[in-house]
Amino acid sequence: EFYAQGEWWIMSTDTPNLGQGTDSTPGPRGLLFGGQSPSNITQIDGFNIASAGDAFDFGDLNAHSRYTGSTSSSTLAVTAGGADAVTTIERTIFSSQGTSVNHGNLSLGRYGLAAVSNGSRAVFIGGFKAPSPSGPLDTIDYITISSGGTAESFGTLTDSKNYMGACASPVRGVFAGGTPVASPYTPLTSDIEFVTTATLGSEQDFGSLTAATSGMSGLSNPTRGIFAGGYNPGANKVIQYITIASSGNAVNFGDLVNDANASTNSGASSSTRGVFSALTPGQTTNMDMIEIATQGNAVDFGNLDEGRNNASAASNAHGGL
């Protein structure tokens, strides 16, 4: 309670405090979905972004495996697409461990897609369609996270591509790098582009990465976007950042602990900290963390419950919320 303007007022606060069991410290939660280890896996790992430590077995995806795109509101994570170009979108409740359930479908099945959210709308960008006729896509579609259903057209990319890193503020969704072929290798692009999440339309130019790169992981707080790792050409440690509200080229931030070559987004963040998982070549348990507001090299966060690569991630406290 506090006294103001001649009256007593009751003030309440809300934080994403989901501590329970092995995740006993209050704080925002990150989830890592599926991947490859070395065969496809469905496991979801959970971790507390506020306190460094090992991840725990949170549950399982129902139909997905690797090369998915994941994003979220403050209560629900949505995971779309994946290997074999499935159309399914699944939802996972941050506060409840267990198996994901069906939430709807993409307008077109694909894998290697990027995903961003402003908390109410999820936007799925690009990707690769298979089988025949196969190829990269210029598709951008969206859902309302709270209601699900079949995704609707949002706009199109100028150039069809997949394996982009992605991050968001409450206003913009930003995606960077990628490749117009099935492999996450050459040719590569350094393009950074953005959409205004609340309004439909095609992407707009933002700037350029420090070098052409495919398969980066992205995360953000509401003002700064971070892209890390990827193929360039070869696994690399580079972390770079942008200011989301002002278009421009990316700037060097620091380095990951190990070389990284992710094929989808496996970054999860709070308003202060970013965690990158499943980044190193091979099926590893490594997790790196950075403090988003300060430049510098990443440090060790802990270990995944099950090693993997080619996973995607989301959190209940990312920069788009």
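This passage describes the internal cavities of the structure, which is a predicted model.

A search of the whole structure turned up three cavities of 30 Å³ or more. The largest cavity holds about 190 Å³ of space. Its lining is made up of 20 residues, and those closest to the centre of the cavity are Thr71, Ala166, Gly218, Gly267 and His318. For a reader tracing the walls by eye, the strands are a handy guide: at least two lining residues come from each of β6 (69-72), β11 (114-117), β18 (165-168), β22 (217-220), β26 (267-269) and β30 (312-315). In terms of residue class, the lining of the largest cavity has no charged residues; 11 of its residues are polar and nine are nonpolar.

Attention now turns to the second largest cavity, with a volume of about 50 Å³. Its lining can be listed in full: Leu256, Asn258, Asp259, Ala260, Phe276, Ala278, Leu279, Thr280, Asn286, Met287 and Asp288. Two strands, β25 (251-260) and β28 (284-291), each supply at least two residues of this lining. The largest share, four residues, is from β25. The classes here are six nonpolar, three polar and two charged residues. Charged residues are thus found in the lining of the second largest cavity, whereas the lining of the largest cavity has none.

Technical notes
Residues are numbered from 1 along each chain as its sequence is written. This is a predicted model: local features need pLDDT of at least 70, side-chain atom pairs count only at pLDDT 80 or more; totals for chains, interfaces and linings use all residues. Side-chain values use heavy atoms; hydrogens and water are left out. On a 1 Å grid over the protein atoms alone, a cavity is a set of points where a 1.4 Å probe fits but cannot get out, and a pocket is an open set with protein on both sides within 12 Å along at least five of seven lines; lining residues have an atom within 4 Å of a point. Grid points are joined across faces, edges and corners, and a volume is the space filled by probe spheres set on the points. Ala, Val, Leu, Ile, Met, Phe, Trp, Tyr, Cys and Pro count as nonpolar, Asp, Glu, Lys and Arg as charged, and the others, Gly among them, as polar.
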